[in-house]
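Could you walk me through this model in my viewer, one selection at a time? I would like to know what to click on next and what I will find there.

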Amino acid sequence: MQNATLNTREYVGRLKLLVEAGDTVSMRIVGSSMSPFLIHNRDIIFFKAPDRKLRRGDMVFFQRDSGQYVMHRIYAVKPDGYYIIGDAQTEIEGPVRPEQIFALVIKVKRKDRWLEPGDFWWDFFAKIWIRSIPLRKVFTKLYSFACKFRRK
C-alpha cells in the first residue's frame, strides 16, 4: 500500500467540491486563527453550502484570490462585500466577495462537546467576542494564564 498525502489547499478543494454538490462535510481544525474558540488539531468543524443570508458572527469558508482557503468569522456585511476576521486576529480582511464564500459552519465539536448556534460558547464568540477586537490580545493572555493555572 502506498501512502498518499494531500496539502491543505488540495484537501479543502476536494471538500469544497463536496459542499458544492450539496453535502455537509467535516474537517479537523488546522491553524490557530480561530482560537480560543477552536483549537488546532483538537476541534472539528461541520460545514455546508450557505442556505440563508449570511450575517455578522457567522463562521464561513472562503477562498482568497491567491487560492488559499480560510475559515473565519464575518465581522461585517457591507454593500461592497463581507469583512472577515479570525477569533485570534486583530486585523479585519475584506471586502470578500459573496462568490468567494462557499460554506457556512453549522456546528463544531469543541473539547469533545458538540456546539451549534444557540449554545453559550457559540453565541459568546459570534456576538460578544466579535466586538472585542481591540482587547483580544489582553483577553487571550488572560485565557492562556487561566488554562495553565487550571492544569496545575
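The tour below goes from charged pairs to aromatic rings and ends at a helix.

**Before you start**

Keep in mind that this is a predicted model. Residue numbers count from 1 along the chain as its sequence is written.

**Stop 1: charged pairs**

Side chains of opposite charge can pair when their charged atoms come close. This structure holds nine salt bridges, and a few of them make good selections.

Begin with glutamate 10 and arginine 14, whose side chains meet in a salt bridge with an N to O distance of 3.1 Å. Show helix α1 (residues 8-20) as well: the two residues are four apart in it, so about one helical turn separates them. Switch on the surface, and glutamate 10 turns out to be partly exposed at 35% relative accessibility, while arginine 14 is partly exposed at 47%.

Next, select lysine 48 and aspartate 51. Their salt bridge brings the closest N and O atoms to 2.9 Å apart. Lysine 48 is partly exposed, with 24% relative accessibility, whereas aspartate 51 is exposed, with a relative accessible area of 54%.

Now move to arginine 52 and aspartate 58, a salt bridge in which the closest N and O atoms are 2.8 Å apart. Is aspartate 58 buried or exposed? At 8% relative accessibility, aspartate 58 counts as buried; its partner, arginine 52, is partly exposed at 30%. To finish this stop, pick Asp65, Arg97 and Glu99 together, since salt bridges with shared partners join these residues into one network.

**Stop 2: aromatic rings**

A pair of aromatic rings is described by the distance of the centres and the angle of the planes. There are 13 aromatic pairs to look through here. Select phenylalanine 37 and phenylalanine 125: the ring centres are 5.0 Å apart and the planes meet at 40°, so this pair is tilted.

Which parts of the chain does this pair tie together? Phenylalanine 37 belongs to the loop between β1 (25-28) and β2 (44-48), and phenylalanine 125 to helix α2 (residues 120-128), so the pair links parts that are 88 residues apart in sequence. Phenylalanine 37 is buried, at 0% relative accessibility, and phenylalanine 125 is buried too, at 3%.

Another tilted pair is phenylalanine 124 with tryptophan 129, at 6.5 Å centre to centre and 40° between the planes. Here phenylalanine 124 is partly exposed at 23% relative accessibility, while tryptophan 129 is buried at 5%. For the wider view, select Phe37, Phe120, Trp121, Trp122, Phe124, Phe125 and Trp129, which ring pairs link into a cluster.

**Stop 3: charges over rings**

Two selections show a charge placed over a ring. Lysine 107 lies over the face of tryptophan 114, 4.8 Å from the ring centre. Arginine 110 has its charged end over the ring of tryptophan 121, at 5.7 Å from the centre.

**Stop 4: the two sides of α2**

Finally, display α2 and colour Trp122, Phe125 and Ala126, which are buried. Turn the view to look down the helix axis: the buried residues of α2 fall within an arc of 95°, so they line one face of the helix. On the other side of α2 you will find Phe120 and Ile128, both exposed.

What covers the buried residues of α2? Bring up the strands to see: the cover includes β3 (59-63), β4 (69-78), β7 (101-110) and β8 (113-115).

Key. This is a predicted model: local features need pLDDT of at least 70, side-chain atom pairs count only at pLDDT 80 or more; totals for chains, interfaces and linings use all residues. Side-chain values use heavy atoms; hydrogens and water are left out. A salt bridge is a side-chain nitrogen of Lys or Arg within 4 Å of a carboxyl oxygen of Asp or Glu. Buried means under 20% relative accessible area, exposed over 50%, partly exposed in between (1.4 Å probe, protein chains only). Rings of Phe, Tyr and Trp (its six-membered ring) pair if their centres lie within 6.5 Å; planes under 30 degrees apart count as stacked, over 60 as edge-to-face and the rest as tilted. A charge sits over a ring if NZ of Lys or CZ of Arg is within 6 Å of the ring centre and within 35 degrees of the ring normal. The arc is that of the directions from the helix axis to the C-beta atoms. Contact means heavy atoms within 4.5 Å.
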